[in-house]
Structure formats: C-alpha cells, structure tokens
Amino acid sequence: MNERYPGIEEKIIAYVMGYDSVKANGGDNDSRHSSKEVIDVRLRMDGLFEQEEHADGFVEEFIALYTNGPAGGGGISTGRKNELTLQKLLIDRENIFWQANAKNSAIPGSLSTNGKKKNRYTGSFAAGIQQRLNTKLDEPAPPVSAPAPSGSEIALYRVAHSRAGDKGNDLNLSIIPHFPDDIGRLRTVITPEWVKGSLSPLLDHSSFSDDRAIEHRNNLLERVAVEIYDVLGISSLNIVVRNILDGGVNCSRRVDRHGKTLSDLILCRKVILPP
C-alpha cells in the first residue's frame, strides 16, 4: 500500500488477534518483542482513508495477502463502508442563547399546600425504602481484603480493580483498590507518566513495529494528556486520558472501539508498592 500511495501506512493499523488483541503485550518493555507461543491467530487490519480509491486498494492488497501469502489460512472477510467522524469545537459564548421553562403538573393521589396535588410515598412501599436505607447506614460492609505487599513486583490487578469507558476521543478509567487504605501507596505509583507509558502500545500501528513506527507513535504520544483525580468517598482514582481512542467510537480502527478492555491493559501492568 505504501508503494502505491506513499505515506498511506500511517492510516492503517494491524492486530494479531490471539496474540495482542488489546495491545496488552506492549505493556512491559522486556516482553515487547519476545515471542509468544500461540496455536491459532487471526490477522485484522483496518484503515481509515479520505479517498475511496485508497480504501478499494487496501481491500485488494489484503485479498492478495491471503491468496498469495503464508499457507494455512482458514478464511478471509473484507469490507468497506463510509464512516462519520465527530470533531469537538468551542462556540463563542456570545453566540449561545438559552432559556429555562417550568411546567406545573398535578399527580393523582397527592395534595400540595396551594391546592394542587403532590406526590408522596405511602404504605408498605415507603416502609420498604426506609428499611433498605437503614440497612445501608447501620450495617456497613466489613473489609474483605488485606493490604497489598510492598517491595515486590506484582500485577496491578492484585492490588485494585478497574472500569473503563469512552467520551469521544478521551478515555475515562477508574482505579479502585481492593483494600481502601492502599490508595495512598497507589498514588505514588500511578502518575500521568506511568499511565501514558502503559497506554502507549495503543498507538502502535503494528504488533511488530520498526524504528519508523516507534517514532510515529512517540509523536502521537505528545498529544496525549493525562489527568488524575482523587475520589475520596470511595478511596479511588479517576483517570482521564485525552486523545487516546483513535478518534473516538465513530471512526476508530481498533478492535475495541469503546476502550472497555483498556482496564485490563492497565491492570496487567506490574507495580512495586512502597511500604
């Protein structure tokens, strides 16, 4: 493709599914280029092009790879479709006009001070609500774990769990320790630089990047910004990573467009907690 259309390779990404489907292999530098024994893999390549000719040429090259490439292929599936991309922008405040309207409506079975009806909970339903509230307030859940060990390298999933999701091209990620008091030690390890390093494999276009591809990844990494917030009520961290989701769900070329599996990528990283 790059011979036909110079510079087009940056618009194509490749995954070896069964080997690094979520790019988790790139999390540790020592294992980045190490071999991994696998039985079956599936090659997935995806491109986002501005010209229809480039998309058609990409499909043709992929078919040629299957028919004339390595033996042992078990099938192929190709396709091309139009994608709508979303771009965020700011509108000048003086061009924004807003108003709020309120409408008063009556609800059967209730009465307010001005003669209009007002909604109320009555009977056993209200008693059931109060009972559940009392249970939560009077019987807090006891701790179910112990502090994580210090001074030794362990996977982050042994210290915390996580959830991840998307907002446009930004990733939202939580780090919730199994033992709440570990949050202080986690703060010393999980820094913006650590998060950027952990997610940098997502910017690789291939599972086996050369020096040129690594340079391109580093250029993309400069656009990535990380913000870490303390969630004191649940002894957790809320992490926002800007410009990491390949343009967002509408145009992403990744297997996981929403970034839901990125919590696994983070949790597979090794950490050393201080005392």
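Biologist: Why does Phe-179 count as buried?

Modeller: In this predicted model, the relative accessibility of Phe-179 is 16%. Buried means under 20%, so Phe-179 counts as buried. Phe-179 lies in the loop between β6 (170-177) and α3 (183-189). The C-alpha atoms of Phe-179 and Ala-160 are 7.9 Å apart in space, and the two residues are 19 residues apart in sequence.

Biologist: What makes Ile-91 exposed?

Modeller: The relative accessible area of Ile-91 is 53%. The term exposed requires a value over 50%, so Ile-91 is exposed. Ile-91 is found in the loop between α1 and α2 (123-138).

Biologist: Which residues make the nonpolar surface patch of about 530 Å², and what lets Ile-91 belong to a patch?

Modeller: The patch is made by Leu-89, Ile-91, Ile-96 and Trp-98. A residue of a patch must have over 30% relative accessible area and no salt bridge. Ile-91, with 53%, therefore satisfies the requirement on area. Ile is also among the side chains that are joined as nonpolar, within 5 Å.

Biologist: Turning to charged side chains, what makes the contact of Glu-60 and Arg-4 a salt bridge?

Modeller: The distance from N to O between these side chains is 3.7 Å. A salt bridge requires the nitrogen within 4 Å of a carboxyl oxygen, so the pair of Glu-60 and Arg-4 qualifies. Glu-60 lies in helix α1 and Arg-4 in the segment before β1, so this pair ties together parts that are 56 residues apart in sequence. Arg-4, Glu-60 and Glu-61 are linked in a network of salt bridges.

Biologist: Why are Glu-60 and Arg-4 called partly exposed?

Modeller: Glu-60 has a relative accessibility of 48%, and Arg-4 has a relative accessible area of 38%. Partly exposed covers the range between under 20% and over 50%, so the term applies to Glu-60 and to Arg-4.

Biologist: How many salt bridges does the whole structure hold, and how do you know that Arg-44 and Asp-46 form one?

Modeller: A search of the whole structure finds twelve salt bridges. The side chains of Arg-44 and Asp-46 meet at 3.4 Å, N to O, and the cut-off is 4 Å, so this pair is a salt bridge. Arg-44 is partly exposed, at 32%, whereas Asp-46, at 18%, counts as buried.

Biologist: What is the N to O value for Asp-246 and Arg-253, and are these residues buried or exposed?

Modeller: Their side chains meet in a salt bridge at 2.7 Å, N to O. Asp-246 is buried, and Arg-253 is buried as well.

Biologist: What makes the phi of Ser-235 worth noting?

Modeller: Most residues other than glycine have a negative phi. Ser-235 is not a glycine, yet its phi is positive, about 50°. Ser-235 is found in the loop between β7 (225-231) and β8 (236-242). Its relative accessibility of 22% is not under 20%, so Ser-235 counts as partly exposed.

Biologist: Where is Asn-243 placed, and what is its phi?

Modeller: Asn-243 is in the loop between β8 and α6 (262-267). Its phi is near 60°, a positive value in a residue other than glycine. At 38% relative accessibility, Asn-243 counts as partly exposed. The loop between β8 and α6 is also the place of Asn-250, which is partly exposed with a relative accessible area of 31%. The C-alpha atoms of Asn-250 and Gly-168 are separated by 8.5 Å, although the residues are 82 apart along the chain.

Biologist: How many cavities of 30 Å³ or more are there, and what makes the second largest one count?

Modeller: The structure holds two cavities of 30 Å³ or more. The second largest cavity has a volume of about 70 Å³, and it therefore meets the limit of 30 Å³. Eleven residues line this cavity, and those closest to its centre are Leu-202, Arg-254, Asp-256, Thr-261 and Leu-262. By class, the lining has six nonpolar, three polar and two charged residues.

Biologist: What volume has the second largest pocket, and which residues lie nearest its centre?

Modeller: The volume is about 480 Å³. Of the 21 lining residues, Glu-9, Glu-10, Ile-12, His-205 and Ser-206 lie nearest the centre of the second largest pocket. At least two lining residues each come from β1 (12-17), α1 (52-68) and α5 (211-221). The lining has ten nonpolar, six polar and five charged residues.

Technical notes:
Residues numbered from 1 in each chain as written. Predicted model: local features only at pLDDT ≥ 70, side-chain atom pairs only at ≥ 80, totals over all residues. Heavy atoms only, no water. 1 Å grid on protein atoms, 1.4 Å probe; cavity = no way out; pocket = protein on both sides within 12 Å on 5 of 7 lines; lining within 4 Å. Points joined across faces, edges and corners; volume = space filled by probe spheres on them. Helix = DSSP H or I, 4+ residues; strand = E, 2+ residues; numbered from the N terminus. Nonpolar A, V, L, I, M, F, W, Y, C, P; charged D, E, K, R; others polar. Patch = residues over 30% accessible without salt bridge, like charges linked within 9 Å, V, L, I, M, F, W, Y side chains within 5 Å. Areas by Shrake-Rupley, 256 points an atom, 1.4 Å probe, with all protein chains shown as cover. Buried < 20%, exposed > 50% of the residue type's maximum accessible area, 1.4 Å probe, protein only.
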